[in-house]
Amino acid sequence: MQKKCYSVLALCLAALPITVQAEVQQNDDTSPAILDEVVVTATRSNEKINEIPAKVEVVNKQEIDLTVGNTLTEQLKKNSSIGVIEYPGALAGIGIRGFRPEFSGITKHSLILINGRPAGATNLATILTDNIERIEVLKGPASSLYGGEAMGGVVNIMTKKNTEKLTGSAELGFGSFSTNVQKATLGGGIGNIFDFDITANRFDQNDNFEMGNGETRDHTSYRTQNGTLRVGAKIGNSWRVDISGDGYQGRDIELPGDIFDGDEKSGNKDIDRYGIDLMAGGKLGSNNHLSITGYKTNETSESYKHYTGYSTPVQVAPYRSYDSDIDWLGLQIKDEITLWEHSLIFGADYQDIEKKSRSYNQDGSRKAPWSPDEGRTNWAGYLETVWRFMDNKMILTAGGRYDYFDVETLSTPFKADFVPKSESFSTVSPRAGLNYLFLKGFRLHTTIGQAFVPPNAGQLAGYSEHIVGGVTMITKGNSSLDPETSTTWDGGIGYESKKLGLSADITYFHTNVDDKITKVTHGNIGTYENSLGAEMDGLETMFSFDIGAPLQWDRSLAFFINSTHMFNAEEDIQGGGTRDIQNVAKYTMNYGLKYDDGMIDSKLNFRSQGKMKDTDWNAAGYPELEYPSITVVDLVLGINFLEHHRVALKVDNLFDKDYYEKKGFPKPGQSFFVNYRYTF
């Protein structure tokens, strides 16, 4: 109860300075100063960001250029105050609104999209920023639109689509740890019908990085290359077709292992990922727009070990120990009907996922993998409605989605300790929201919705045996499992004024998780049950003030802050009681200064992360420990000259902080990168 009172008090206190500012805005004779930026993730249709009830944040192209880091996770943790877990060796995942960050598997609590379709990437370190136009971060449940995994939120990556005159760029870069980068882009219209975009990038970190304590972290070099291609065509007056492909290749990605083990448990891996999609859309009438998307994606990883044994590792010649292959195949059909000011968005989604894994002995022969191969098929239909009243000042959204799943464990070579099975289930996910524009530039927004995460094949239909101390331990699935479900309510107040250079929003959220899937053991038999729950609530704050706007400067100097403070993030434990959800920080904050005068642009970014709990896997009894809070500072300075040229200096970890986001896997210390770009 005390935490709830604190939440409400914080909302009231945060609104006080904005309320005082309202007196200034009421005397402003100009039109309402609100952003007209259009986003699509919150409703699966084009909507102005200030008119949607859901909490959506946008990381635009300029923010991406002024942020140190070339992966999606680096951009998100430094711009959107979400939870991130990153390991050396190109492995990363995210968590939103108190859900623990996840970096593997086809079932997660946060959903990643590329242009509205599933990204086809379990490892977010493989999604690079070269072709990204903007990133939309929808915080809160979105299963009513996107189905499973959209429990904490949705990240939608919008790629470049240049349909105007031909433009391009070439970029060279180098920096700490013998890093070198080469990039190239080209895109634009060809005649009156066709247009295209193409990008290519190569990144090599040839030396091991140094930690904040000045010591070298061995086995941390790697190289990647990636590229994208899009070809589009206009058909008639209102239809167009786009064919897109993207690919990522990581080679000789070294894996240092836990620093507790020194160099004894090192390894390396190769990663490949690609995606292909075909999108077609156009008008069926003056108030009807139809779109169809088909996609195929694949993620493959091969891991190599440099040792055998575990408690007393023995160094050996590197050998392939494990590989996995995951395929996504899907189809999306969406129809949007406009009735006066109102909109109806409805459609159907189909997705099929298949995951296979293989394990190997030191001599190269196959052995049984730890988990069986699995598949998941999902059919769904959804309806989202947008209702506008009072001259578009009051906007209501309401909708829901029906999902039907078939999940199965597949016959797996060399794995004879289980019987392949399949199970089916279905679920319904509703959501509603209200956005109210009042005074000039102010808005109130609130949403309530349910979301779900489906059980995986092993939890539903798996079976395995292994011997521990002469006892055969059995783990078997439970065909009666229900999906994990959550109910989230959020509410906030926002304000926007271009004339004053002021933008602010504060949002409180509360989530209850039910039917949490946990493993329980009775004797020598373990299975899965919907037995526990979790509860999270917190406050999301966004504030930006550009002093150049009220002073009518021809340049921008802005202070910004984006934060998430968790008041509570607890989960039930077996036998009663609760504990803090591990790897969820008490707060995550990004704040700093931005400057732009057309020739020089710069960003000084502070990223602070509060204390959080985790398990110490290197101590006897695996006790719980608490990470210390950290603050890491980045600096970007860019100079544009002679119309086509740009030089940028990027400094990661400016003050050489010795820190980690996951114990045993410290992050790089201070590092410098210089890039030169020519555009035409």
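Student: Leaving aside neighbours within four places in sequence, which residues is Ile 135 in contact with?
Tutor: This is a predicted model. Contact here requires heavy atoms within 4.5 Å. With neighbours within four places in sequence set aside, the contacts of Ile 135 are Glu 57, Val 58, Val 59, Ile 64, Leu 72, Gln 75, Leu 76, Val 155 and Asn 156.

Student: Which strand gives the most residues to the largest nonpolar core?
Tutor: That core has 19 residues, and Ile 135 is listed with Leu 72, Leu 76, Ile 94, Ile 112, Ile 127 and Val 155 as touching the most other members. At least two residues each come from helix H3 (72-79), strand S6 (110-114), strand S8 (132-139) and strand S9 (153-159). The most, 3 residues, come from S8.

Student: How many residues are in the second, separate core?
Tutor: Among its members are Ile 49, Ala 54, Leu 111 and Ile 345. The size of this second core is 18 residues.

Student: What radius of gyration does the chain have, and why does it agree with a compact globule?
Tutor: The chain has 680 residues, and a compact globule with that many would have a radius of gyration near 26 Å. The chain's value agrees with this because it is 25 Å.

Student: What percentage of the contacts between residues at least 6 apart in sequence join residues at least 24 apart?
Tutor: The chain contains 5 helices and 37 strands. Of its contacts between residues at least 6 apart in sequence, the share that joins residues at least 24 apart is 64%.

Student: What percentage of the residues in the chain is buried?
Tutor: A residue counts as buried when its relative accessible area is under 20%. Of the 680 residues in the chain, the buried share is 53%.

Definitions and conventions:
Residues numbered from 1 in each chain as written. Predicted model: local features only at pLDDT ≥ 70, side-chain atom pairs only at ≥ 80, totals over all residues. Heavy atoms only, no water. Core = buried A, V, L, I, M, F, W, Y, C linked by side-chain atoms within 4.5 Å. Buried < 20%, exposed > 50% of the residue type's maximum accessible area, 1.4 Å probe, protein only. Helix = DSSP H or I, 4+ residues; strand = E, 2+ residues; numbered from the N terminus. Rg over C-alpha atoms; globule rule 2.2 N^0.38 Å.
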